[in-house]
Amino acid sequence: MPPQLPTASTASTIARSVIRPFSTTAATAAPGRQPPSGGHASRLASLNASNSKGQVGRGARGDAAARLLERFKTRTNSYTMEKTAQMEFLKNQKMSNDFLKQMPRRWEAGDVYSPHDLSPVEMQKWRKKTVRNNDVIDALGISPLDMYKNFSLIEHFTSTSGMINHSNLTRLRPVNQRKVAKMVRRVQGMGIYPSVHAHPEMLRDQFFSRHK
């Protein structure tokens, strides 16, 4: 069977589907292509941005460290000043206590005094006398009256001229001081110990040492 030719209506339909109709709208330019993200310019821009951010971060950290150091210095200075003030207060208090010990008399409001009242002689009158409970004689447990042959002991309680030392020097209780004085007077009265100088044995040990 021979092929059938297309009719006029069929040909017009095919032509309309193939040929594009003419557009009356204005043509618009196609959007431009963006440069690739991995380009040299973009890498430089990102590097500059990261550097600026790093500098800002380092600056913030540096400011925090400076503030911390300044706070530490302030705290150290305040502690040093407080310690110095405390030491000065203790020094002044010790000095005041020393002066009070040297001035045993306590003044009250309304008391009238003269400069002579502040002298050591007058202050000594107001000093409280302490009673000695024990001394070297009690510690050794000896009787001074039995030590009349102990020349070194007698020399300790007498001066270079043979005089009996005062209790302020011997630091003995009144009872033992009287016993020592009685013993010294006895040995000097018997002629065992000289009354004007030290014993010859003590002088010999002083001038002619046994170690030589």
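**Notebook: core and aromatic pairs**

I started with the largest nonpolar core, which has 13 residues; F151, I154, F157, L172, V180, V184 and Y193 are those with the most contacts inside it. Helix 5 (151–156) and helix 7 (174–190) are the elements that give two or more residues to this core. Helix 7 supplies the largest share, four residues. Note to self: this is a predicted model.

Next I looked up F157. Leaving out residues up to four places away in sequence, I find F157 touching V136, I137, M163, I164, N165, T170, L172 and V180. Of these, L172 and V180 are also on the list of residues with the most contacts inside the core.

Then I went through the aromatics. How many aromatic pairs does the count come to? I get two.

In one, the ring centres of W107 and Y113 sit 4.7 Å apart with the planes at 45°, so I log the pair as tilted. I checked exposure too: W107 has 25% relative accessibility, so W107 goes down as partly exposed. Y113 is also partly exposed, at 47% relative accessible area.

F151 and Y193 form a tilted aromatic pair as well, 6.2 Å centre to centre and 45° between the planes. Which parts does this pair tie together? F151 lies in helix 5 and Y193 in the loop between helix 7 and helix 8 (200–207), so the pair links parts that are 42 residues apart in sequence.

Are these two rings buried or exposed? F151 has 14% relative accessibility, which is under the 20% cut-off, so F151 counts as buried. Y193 is buried at a relative accessible area of 2%.

Definitions and conventions. Residues are numbered from 1 along each chain as its sequence is written. This is a predicted model: local features need pLDDT of at least 70, side-chain atom pairs count only at pLDDT 80 or more; totals for chains, interfaces and linings use all residues. Side-chain values use heavy atoms; hydrogens and water are left out. A nonpolar core is a set of buried Ala, Val, Leu, Ile, Met, Phe, Trp, Tyr and Cys residues joined through side-chain atoms within 4.5 Å. Buried means under 20% relative accessible area, exposed over 50%, partly exposed in between (1.4 Å probe, protein chains only). Contact means heavy atoms within 4.5 Å. Rings of Phe, Tyr and Trp (its six-membered ring) pair if their centres lie within 6.5 Å; planes under 30 degrees apart count as stacked, over 60 as edge-to-face and the rest as tilted.
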